[in-house]
Amino acid sequence: MYNPTVARLTYRALLGRRRALILFALPALLILISVAVRALTGVDDKVAADLLGGFALATMVPLIGVIAGTGAIGPEIDDGSIVYLLSKPVKRPTIIMTKLIVAIAVTMAFSAIPTLIAGFILNGNGQQIAVAYTVAALVASIAYSALFLLLGTVSRHAVVFGLVYALIWESLFGSLVSGAKTLSVQQWSLALAEKIAGAGYVDATVALPTAAVLLVVVTVGATVYAGQKLRRLTLAGEE
């Protein structure tokens, strides 16, 4: 379920000059803010948790997921170049799985690693806060990549819809509205972070068993449906 050629082409598309600048900008900003906060406040576990939860997990991870997930396939569908890929003797599920793996890898690299670095800068992983939010970022990267890859297969406006979800639903409604919290990838990943970090430093509103089930269902469901959409696109192109 993995094709090296498809992976190489996807990495090349995602790490092109324009996207690479955006991908590097958010982690760099997180680390710069962390250095400034550490210099101003010293070691403060609560401040570290607030920054990693409020900026890294709530904003940076979903935005990078949008860039990586939609960028893994959306541009190829928009400009029609996907037809050349679909004409090759590569199974359609293999194409989707390969692109998903690449999107996950890119999202993890540009979100989880900076989150870990920022956590150690802020408080040296006191109360396991850095590790907790890093694990949350890793888990969230998988779900976001699957969701936004699906968006890239079903809409020409995937980036717009992805930004609306990331900035409005996840960052606003998913943090403030009780009912919306249950349908938030951020909250699901926080459930795992809460299990790892010291008591009182991570506040998740979704129970860990529920969060784990929802993460699996959304990731698998989005991947399967993206594969079905790609299969239909193939048939249309062949007709």
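Which residues of helix 2 are buried? The legends below start there.

The model is predicted: local features need pLDDT of at least 70, side-chain atom pairs count only at pLDDT 80 or more, and totals for chains, interfaces and linings use all residues. Residues are numbered from 1 along each chain as its sequence is written, and side-chain values use heavy atoms, with hydrogens and water left out.

**View A. Helix 2 and its buried residues.**
Ala20, Leu23, Leu26, Pro27, Leu30 and Ser34 are the buried residues of helix 2. Buried means under 20% relative accessible area, exposed over 50%, and partly exposed in between (1.4 Å probe, protein chains only). These buried residues pack against helix 1 (4–14), helix 3 (45–71) and helix 6. Contact means heavy atoms within 4.5 Å. Helices (H or I, at least four residues) are DSSP runs, numbered from the N terminus. Helix 2 covers residues 17–41, 25 residues in total. From first C-alpha to last it reaches 36 Å, close to the 36 Å expected at 1.5 Å a residue. The expected span is 1.5 Å times one less than the number of residues. Just after helix 2, glycine 42 takes a positive phi of about 75°.

**View B. An edge-to-face pair between helix 2 and helix 6.**
Rings of Phe, Tyr and Trp (its six-membered ring) pair if their centres lie within 6.5 Å; planes under 30 degrees apart count as stacked, over 60 as edge-to-face and the rest as tilted. Three aromatic pairs are counted by this rule. In one of them, the ring centres of phenylalanine 24 and phenylalanine 110 are 4.9 Å apart and the planes stand at 80°, so the pair is edge-to-face. It links distant parts of the chain: phenylalanine 24 belongs to helix 2 and phenylalanine 110 to helix 6, 86 residues apart. Phenylalanine 24 is exposed, because its relative accessible area is 53%. Phenylalanine 110, at 12%, is buried.

**View C. A stacked pair in helix 7.**
Tyrosine 144 and phenylalanine 148 form a stacked aromatic pair, with 5.9 Å from centre to centre and 5° between the planes. Both residues lie in helix 7 (residues 129–154). They are four residues apart, about one turn of the helix. Tyrosine 144 and phenylalanine 148 are both buried. Ring pairs join Tyr144, Phe148 and Tyr165 into a cluster.

**View D. Two salt bridges.**
A salt bridge is a side-chain nitrogen of Lys or Arg within 4 Å of a carboxyl oxygen of Asp or Glu. The count by this rule is two. Lysine 99 and glutamate 76 meet through their side chains at 2.6 Å, N to O. This pair links distant parts of the chain: lysine 99 is in helix 6, glutamate 76 in helix 4 (residues 74–79), 23 residues apart. Lysine 99 has 1% relative accessibility, so it counts as buried. The side chains of aspartate 50 and lysine 46 form a salt bridge at 3.8 Å, N to O. Aspartate 50 and lysine 46 are four residues apart in helix 3, so about one helical turn separates them. Aspartate 50 is partly exposed at 45% relative accessible area. Lysine 46 is also partly exposed, at 42%.

**View E. The loop between helix 6 and helix 7.**
Glutamine 127 lies in this loop, and so does glutamine 128. Phi of glutamine 127 is near 60°, a positive value in a residue other than glycine. Glutamine 128 has a positive phi of about 60° although it is not a glycine. Glutamine 127 is partly exposed, with 38% relative accessibility. For glutamine 128 the value is 37%, so it too counts as partly exposed.

**View F. Alanine 109 in helix 6.**
Helix 6 (residues 92–123) holds alanine 109. This alanine is partly exposed, with a relative accessible area of 35%. The C-alpha atoms of alanine 109 and leucine 138 are separated by 8.9 Å. Along the chain, alanine 109 and leucine 138 are 29 residues apart.

**View G. A nonpolar surface patch.**
Val159, Val160, Leu163, Val164, Leu167, Ile168 and Leu172 make a nonpolar surface patch of about 550 Å². Patches are made of residues with over 30% relative accessible area and no salt bridge: like charges are joined within 9 Å, nonpolar side chains (Val, Leu, Ile, Met, Phe, Trp, Tyr) within 5 Å. Accessible areas come from the Shrake-Rupley method with a 1.4 Å probe; for residues, only the protein chains shown count as cover. Leucine 163 sits in helix 8 (residues 158–176). Its relative accessible area is 34%, so leucine 163 is partly exposed.

Conventions:
Helix = DSSP H or I, 4+ residues; strand = E, 2+ residues; numbered from the N terminus.
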